[in-house]
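Reader: I would like to learn how to read a ligand site and the cysteines in a model. Please walk me through them.

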Amino acid sequence: MKVSENLEVIQSQIAEACKKANRSNEEVKIIAVTKYVSAERTQEAIEAGVVNLGENRDEGLLEKIGQIKDKPIWHFIGTLQTRKVKNIIDHVTYIHSLDRLSLAKEINKRAASKVNCLIQVNASGEESKHGLEPEDVLDFVSELKQYSNILVSGLMTMAPNTEDEQVIRDCFKTMKNLQGEIQSLKLDYAPCNELSMGMSNDFQIAVEEGSTMVRIGTALVGNESEVQ
Ligand SMILES: *Cc1c(COP(=O)(O)O)cnc(C)c1O
C-alpha cells in the first residue's frame with residue numbers, strides 16, 4: 001500500500017474518533033514511526049504530507065537524517081541510554097522517553113537550548129514496560145525544575161498488549177488524569193500539553209481519550225517485510 005493511501009484511512013479514523021469525543025482534528029498530530037522501514041519509504045511518507053517522524057534508536061535516526069533530503073520534525077520515541085544522548089540531541093525536537101533523573105541531567109547538559117521532553121509512564125503496570133509508575137510522576141516533575149533545558153511538554157505511554165478494550169481505555173484515562181494534575185500546578189517548565197499515546201492497534205481509542213500525538217508505524221508506513 002502507498003503511504004498516502006494509508007494516511008488517508010488513518011486521518012479519517014482519527015476524524016471519526018475526534019467526532020465521538022467532541023475534539024478537533026487539529027489537536028492530534030500523526031507521528032510516522034519509521035523504525036521498520038527504509039529511507040525511501042520514509043521519504044514517501046514525507047511526500048504524502050507527514051511532517052512528524054519517529055525513530056527509537058540513534059542509529060536508525062542518524063541513518064535516516066543522512067539519507068533524507070527534507071527536514072521533518074524528529075521525535076525520539078525509544079528507550080534512551082544516557083551515553084547516547086549526545087548523538088541525538090541536536091537532531092530531535094521531541095524526546096518521548098524521559099524516565100529517570102540521570103537521563104534528564106544528561107539531556108540538560110548536552111542540549112544547546114530547551115528540549116521538549118515527554119515523561120514516559122508505565123500506566124498499564126506491565127513488568128515489561130518502561131516508564132515511571134503513575135504515582136511517581138508528580139514527584140519526578142518537581143525534581144525536573146532544576147534542569148533549565150528540560151521542558152516537560154507532555155506524557156507518553158504504551159498501552160498494554162491485550163484484546164480487552166476497556167483495559168486499554170483505562171490506561172489512557174489514567175494518563176489524561178495525570179496530565180490534568182500536572183497542568184493544574186501551572187509550572188512554567190511543565191506545560192504538559194501533549195499526550196503521546198496510541199499506536200497502530202489502539203490509536204482510535206487513544207484519540208477518544210485525549211491523545212495529541214499518535215505514533216503509528218505498521219498501519220502507516222508498514223514494516224519492511226510488508227513493504228517489499
Ligand atoms: C514501534 C513503536 C511504535 C509504532 O508501533 P506500531 O504498532 O507499528 O504502530 C510506537 N511507539 C513506540 C514507542 C514504538 O517503539
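Author: We take the ligand site, then the cysteines. This is a predicted model, where local features need pLDDT of at least 70, side-chain atom pairs count only at pLDDT 80 or more, and totals for chains, interfaces and linings use all residues. Residues are numbered from 1 along each chain as its sequence is written, and side-chain values use heavy atoms, with hydrogens and water left out.

Reader: Which residues surround the ligand?

Author: A residue is near a molecule if one of its heavy atoms lies within 4 Å of it. Here the shell is V33, K35, Y36, I77, M156, M158, M199, S200, R215, I216, G217 and T218.

Reader: How does the shell split by class?

Author: Ala, Val, Leu, Ile, Met, Phe, Trp, Tyr, Cys and Pro count as nonpolar, Asp, Glu, Lys and Arg as charged, and the others, Gly among them, as polar. The shell has seven nonpolar, three polar and two charged residues.

Reader: Which side chain has a polar atom 2.5 Å from a ligand oxygen?

Author: A polar contact with the ligand is a pair of N or O atoms within 3.5 Å. That side chain belongs to S200. T218 places a side-chain N or O atom 2.6 Å from a ligand oxygen. For R215, a side-chain N or O atom is 2.9 Å from a ligand nitrogen. The protein covers 91% of the 380 Å² of accessible area that the ligand has on its own (Shrake-Rupley method, 1.4 Å probe).

Reader: How many disulfides are there?

Author: A disulfide is a covalent bond between the sulfur atoms of two cysteines. The rule asks for a pair of cysteine sulfur atoms within 2.5 Å. The count is zero. For C18, the nearest cysteine sulfur, that of C171, is 19 Å away.

Reader: Why is C171 unbonded?

Author: Because its closest cysteine sulfur, in C192, is 15 Å away, too far for a bond.

Reader: Is C171 buried or exposed?

Author: Buried means under 20% relative accessible area, exposed over 50%, partly exposed in between (1.4 Å probe, protein chains only). C171 is buried at 2%. C18 is buried too, at 0%.

How values were computed
A polar contact is a pair of N or O atoms within 3.5 Å; within protein, one must be able to donate a hydrogen and the other to accept it, and residues adjacent in sequence count only if both atoms are side-chain atoms.
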